[in-house]
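Here's a quick briefing to read with the structure open beside you. It goes through the sheet, the empty spaces and a few backbone oddities.

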Amino acid sequence: MTRVAVTSRSFSRHPILRAELLAKYPETIFNDAGLSLKGPALIDFLRGHDAAITALETLDDALFTTLPEIKVIAKYGVGLDMIDLPAMARHGVRLGWTAGVNRRSVAELVIAFAISLLRHVPESASELRSGRWRQIAGRQLSDCVVGIIGCGHVGKDVARLLNAFGCRLLTHDIRDFPEFYGRHAIESVSLDDLLLRADVVTLHLPLDQATRGILDAKKLGLMRQGAVLINAARGGLVDEAAVRKMLESGHLAGAAFDVFATEPPQALELLSLPNFLATPHIGGSAAEAILAMGRAAIDG
């Protein structure tokens, strides 16, 4: 009988996913203590199991070396930057993973971010709570040029939603999707050109050696005066200190991050800025996306 361990806290708390997994694998154990598992604690939790459903836990060569009994890792979620994939392959561990299962959940959050920043919703709400009545003029998303960095599953879904607003769309990706670009009136451009032209820039890239720090201080400096930046992909893509300086100077009108280089984030100066909107990595946390990701992990 296959022995399964679920490290993910949110999967472990979900009654439907628990029931569906137990129906297939009755010997499953869950992270019912709600622990943030890492290092030796993660190894101890997984010891003696054939398969695991993991989320944001780091799986490295040391773990695979210590646990030769693990044969399958099923990914709850879509990001793979926390898994040492070459080490996994060397140890003969298979990956159960489905791309793009949370794309609509993330894409809708991006639209919410864009409208909130353009209409100064966070700042207006904060001022009203403090007793100040001030109507801050904003911009319509409909009249913006939006630059999508990374046109994979989520980037494409963002483009589909933005079409309904009549935005002019730019994209930058290492791959070319001419048929999709043609259907949705998207212009494929260089990264520098996108940053120079876009009123709204949104990131939809995986985190790897090629993309880490892709928006450093120099690249961020290319962005238009008054533009807004959205990152609902991975925290390590952006220089957070540079973003803070650009928000303080007014070069950027606003920024919204759902992800950070360190989570929970330690950059309190950034979090406290009135033109910065932050959420705790909730891009895939819509109820529908949670079910889709969980069922994909069970299948995996």
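What follows is a short tour, topic by topic.

Keep in mind that this is a predicted model. The main things to look at are an open sheet of seven strands, two cavities of 30 Å³ or more, and a pocket of about 210 Å³ that ranks second largest. After those come some loop residues, one of them a proline that follows a cis peptide bond.

**The seven-stranded sheet**

- Reading across the open sheet, the strand order is β8-β7-β6-β9-β10-β11-β12, and the pairing is parallel.
- β8 (186-188) and β12 (276-278) sit at the edges, so to find them, look for the strands that each pair on one side only.
- Ignoring direction, neighbouring strands in this sheet are turned by 15° against each other on average.
- Strand β10 (residues 227-231) runs parallel to β11, and five bridges join the two.
- For a landmark on that pair, find I230, which stands opposite A256 in β11.
- In general, the strands of a sheet pair through backbone hydrogen bonds, in either a parallel or an antiparallel way.

**Helices lying across the sheet**

- α8 lies across β6 (145-149), β7 (168-172) and β8, and runs at about 165° to β6.
- Helix α12 (residues 240-249) lies across β10, β11 and β12, with an angle of about 145° to β11.

**The largest cavity**

- Rolling a probe the size of a water molecule over the atoms shows where empty space is left.
- The largest cavity has a volume of about 50 Å³.
- Its lining is made up of S116, L117, H120, P122, E123, A253, G254, P274 and N275.
- α6 (103-118), α7 (121-129) and β11 (252-257) are the elements that give two or more residues to this lining.
- By type, the lining of the largest cavity splits into four nonpolar residues, four polar and one charged.

**The second largest cavity**

- About 40 Å³ of space is found in the second largest cavity.
- V110, I111, A114, L141, V146, V158, L162, V200, T202 and I230 line this cavity.
- Two or more residues of that lining come from each of α6, α8 (153-163) and β9 (200-203).
- Which element gives the most to the lining of the second largest cavity? That is α6, with three residues.
- The lining of the second largest cavity counts nine nonpolar residues, one polar and no charged.
- I230 turns up twice in this tour: it lines the second largest cavity, and it is the residue standing opposite A256 in β11.

**The second largest pocket**

- The second largest pocket holds about 210 Å³ of space.
- Of the 16 residues that line this pocket, Y25, A51, V72, I298 and G300 lie nearest its centre.
- β3 (51-54), β4 (72-75), β5 (94-96) and α14 (287-299) each supply at least two residues of the pocket lining.
- The pocket lining divides into eleven nonpolar residues, three polar and two charged.

**Backbone oddities in the loops**

- The peptide bond from E263 to P264 is cis, with omega near 0°.
- You'll find P264 in the loop between β11 and α13 (268-271).
- A185 isn't a glycine, yet its phi is positive, near 55°.
- A185 belongs to the loop between α9 (178-183) and β8.
- Is A185 buried or exposed? A185 counts as exposed because its relative accessibility is 61%, and the cut-off for exposed is over 50%.
- H281 also has a positive phi near 55° in a residue other than glycine.
- The loop between β12 and α14 is where H281 lies.
- With a relative accessible area of 27%, H281 is partly exposed.

**K38 and T58**

- K38 is located in the loop between β2 (29-30) and α3 (39-46).
- At 59% relative accessibility, K38 is an exposed residue.
- K38 and T58 are 20 residues apart along the chain, and 6.8 Å separates their C-alpha atoms.

Technical notes. Residues numbered from 1 in each chain as written. Predicted model: local features only at pLDDT ≥ 70, side-chain atom pairs only at ≥ 80, totals over all residues. Heavy atoms only, no water. 1 Å grid on protein atoms, 1.4 Å probe; cavity = no way out; pocket = protein on both sides within 12 Å on 5 of 7 lines; lining within 4 Å. Points joined across faces, edges and corners; volume = space filled by probe spheres on them. Helix = DSSP H or I, 4+ residues; strand = E, 2+ residues; numbered from the N terminus. Nonpolar A, V, L, I, M, F, W, Y, C, P; charged D, E, K, R; others polar. Axes fitted to C-alpha atoms, helices over the stretch in contact; angles between N-to-C directions. Contact = heavy atoms within 4.5 Å. Buried < 20%, exposed > 50% of the residue type's maximum accessible area, 1.4 Å probe, protein only.
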